[in-house]
Amino acid sequence: LAPAKLSMDTFKRHYWNDETPVVMKYFDESFVDGELVHMEGRVQVSERTEEKYHTNNLVKGMFQRLETMKKYAFGLMYVFGETGDQCLAGIWLGRGGDNFFYEDTNWTIDIENFNCTKMDMNKPDEKAVWAKFIAGEVDDWEGKEFQKDFIF
């Protein structure tokens, strides 16, 4: 793939160091549909996760298995709900025009459990979801209260 206009390193540097308006300005000026793709992922966590730390460990384990993707992707995963009734929801940005998790068999292990849909940044409601995650303003998901965030 040719280099994307949006540099993942620069985007991550803005995310970690700047206020949300700066992050979104860089994103809006640099994002080219087809070079990168946005994915929204969600999963209902099994009742087998008796403790909150089980759910947290699911995310941390997934992030470990995705480590080779880190140069090409950015993701935010949030845990919502109480023990026994939790869900994970998040956003991802990655190289390519389709579901980038299928580019490597090591990346599909966990993502197969997620309902991943491509986000369209031309749709105001989908861009608003993206912006709320970037700003850290997602307090609840489907009526379940925010518990913890994980940044990839």
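**Glutamine 86**

I began with glutamine 86 and asked: is glutamine 86 buried or exposed? Its relative accessible area is 1%. The cut-off for buried is under 20%, so glutamine 86 counts as buried. The model I am reading is predicted. I then looked up where glutamine 86 sits, and found it in strand 3. Next I checked its side chain for a polar partner. The side chain of threonine 55 joins that of glutamine 86 through a polar contact of 2.4 Å.

**Whole chain**

I stepped back to the fold. I count 5 helices and 6 strands in the protein chain. Read from the N terminus, the order is α-α-β-α-β-β-α-β-α-β-β. I compared the radius of gyration, 15 Å, with the globule rule, which gives 15 Å for 152 residues; the two are close, so the chain is as compact as a globular protein of that length. The C-alpha trace spans about 45 × 35 × 25 Å along its principal axes.

I looked at burial next. Buried residues make up 44% of the 152 in the protein chain. The exposed area is about 8300 Å², with 47% of it supplied by carbon and sulfur atoms. I also checked contact range. Among contacts with a separation of 6 or more, 73% are between residues 24 or more positions apart.

**Helix 1**

Which residues of helix 1 are buried? In this helix, residues 8-17, I find Met8, Phe11, Lys12, His14 and Tyr15. I looked down the helix axis: these buried residues fall within an arc of 160°, so they line one face of helix 1. On the face turned away from the buried side I note the exposed residues Trp16 and Asn17.

**Nonpolar cores**

I followed Phe11 inward. It belongs to the largest nonpolar core, which has 26 residues. Phe11, Leu93, Trp130 and Ile134 have the most contacts inside this core. I asked which elements give two or more residues to the core. They are helix 1, helix 2 (20-30), strand 2 (73-82), strand 3 (85-95) and helix 5 (124-135). Strand 3 is also where I had placed glutamine 86.

I listed the contacts of isoleucine 134, leaving aside neighbours within four places in sequence. Its partners are Phe11, Tyr15, Thr20, Val23, Met24, Phe74, Leu76 and Ile91. Phe11 and Tyr15 also appear in my list of buried residues of helix 1.

My last entry is another core, lying apart from the largest one. This core has 20 residues, including Leu66, Met77, Trp92 and Phe152.

Technical notes. Residues are numbered from 1 along each chain as its sequence is written. This is a predicted model: local features need pLDDT of at least 70, side-chain atom pairs count only at pLDDT 80 or more; totals for chains, interfaces and linings use all residues. Side-chain values use heavy atoms; hydrogens and water are left out. Buried means under 20% relative accessible area, exposed over 50%, partly exposed in between (1.4 Å probe, protein chains only). Helices (H or I, at least four residues) and strands (E, at least two) are DSSP runs, numbered from the N terminus. The arc is that of the directions from the helix axis to the C-beta atoms. A nonpolar core is a set of buried Ala, Val, Leu, Ile, Met, Phe, Trp, Tyr and Cys residues joined through side-chain atoms within 4.5 Å. Contact means heavy atoms within 4.5 Å. A polar contact is a pair of N or O atoms within 3.5 Å; within protein, one must be able to donate a hydrogen and the other to accept it, and residues adjacent in sequence count only if both atoms are side-chain atoms. The radius of gyration is taken over C-alpha atoms; the globule rule is 2.2 Å times the number of residues to the power 0.38. Accessible areas come from the Shrake-Rupley method with a 1.4 Å probe; for residues, only the protein chains shown count as cover.
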